[in-house]
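Welcome! Work through the exercises below at your own pace, trying each task before you read its solution.

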Amino acid sequence: MIFDFTNYAFSGFLSILAALYGVGYPLIMQSIGRIYTQYDSTLLANRFTKETIYRVFQVLLILNLLFAVSTPFLLHAEWWNIGFVTIQAILLVLLMGSTFLLFQLMIKYENAGELLRHIEGGQIDKSNIMDIFDLAIYADSKNNHQLYIDAMSSVFSYITVQQGDDYKKQNDNEILPP
């Protein structure tokens, strides 16, 4: 029997893809449910599903599955064998890399302090202020005073920045309406 690189390589890639899909995807879905349960917040669970790495993972998973299904039919074209296996290998490596990055993101979402730093991301705006406020509510319910103070100071600094232009125009004896 002659060693056929393309068939063996494709079989190996397919088994790795099956392992990633069979173990990784349910773990990710379970993690989204845990985020909702832990923080009792649909905002934070939705934020996770809108993260760039989560969307990249979804796209790469779909591409890998489509390629895994179509490649056996395309391997009969002799001149494309190496090309198909190479594309499958590249897609699989990208999927594995995005899986590791997604697992790191899941770990950030498990730790409320790291999640706060991740959400703030150097700039607080109206797209993330409610998420920060949900973390403050979570911190208050768990008596995590430092996290509560950090989250609320972020919320208050956002409010201060939003009202900053009005304060600059205000005279010393004048009180601005809310």
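**Exercise 1. Decide whether Ser-31 is buried or exposed, and find what it touches.**

Step 1: The relative accessibility of Ser-31 is 0%. Step 2: Buried means under 20% relative accessible area, exposed over 50%, and partly exposed in between, with a 1.4 Å probe and protein chains only. Step 3: Ser-31 therefore counts as buried. Step 4: Ser-31 belongs to helix α1, which covers residues 5-39. Step 5: Leaving aside residues up to four places away in sequence, Ser-31 touches Met-106 and Glu-110; a contact means heavy atoms within 4.5 Å.

Before going on, a word on the source: this is a predicted model, in which local features need pLDDT of at least 70 and side-chain atom pairs count only at pLDDT 80 or more, while totals for chains, interfaces and linings use all residues. Residues are numbered from 1 along each chain as its sequence is written, and side-chain values use heavy atoms, with hydrogens and water left out.

**Exercise 2. Describe the make-up of the protein.**

Step 1: Count the elements: the protein has eight helices and zero strands. Helices (H or I, at least four residues) and strands (E, at least two) are DSSP runs, numbered from the N terminus. Step 2: Turn to burial: 36% of the 178 residues count as buried. Step 3: Look at contacts between residues at least 6 apart in sequence: 67% of them join residues at least 24 apart.

**Exercise 3. Find which residues the salt bridges join, and where they lie.**

Step 1: A salt bridge is a side-chain nitrogen of Lys or Arg within 4 Å of a carboxyl oxygen of Asp or Glu, and the structure holds two salt bridges. Step 2: One joins the side chains of Glu-110 and Arg-34, at 3.0 Å from N to O. Glu-110 sits in helix α4 (residues 81-110) and Arg-34 in helix α1, so this pair ties together parts that are 76 residues apart in sequence. Step 3: Check accessibility: Glu-110 is partly exposed at 31%, and Arg-34 is partly exposed at 35%. Step 4: Asp-131 forms a salt bridge with Arg-47, and their closest N and O atoms are 3.0 Å apart. Because Asp-131 lies in helix α6 and Arg-47 in helix α2, the pair ties together parts that are 84 residues apart in sequence. Step 5: Both Asp-131 and Arg-47 are buried.

**Exercise 4. Compare the expected span of helix α7 with its end C-alpha distance, then find its buried side.**

Step 1: The expected span of a helix is 1.5 Å times one less than its number of residues. Step 2: Helix α7 (residues 145-162) has 18 residues, so it should span 26 Å; its end C-alpha atoms are 25 Å apart, which agrees. Step 3: List the buried residues of α7: Leu-147, Ala-151, Met-152, Ser-154, Val-155 and Tyr-158. Step 4: These residues cover an arc of only 145° around the axis, which puts them on the same side of α7; the arc is that of the directions from the helix axis to the C-beta atoms. An α-helix has 3.6 residues a turn, so residues three or four places apart point the same way. Step 5: On the other side of α7, His-145 and Val-161 are exposed. Step 6: The cover over the buried residues of α7 includes α5 (112-120) and α6.
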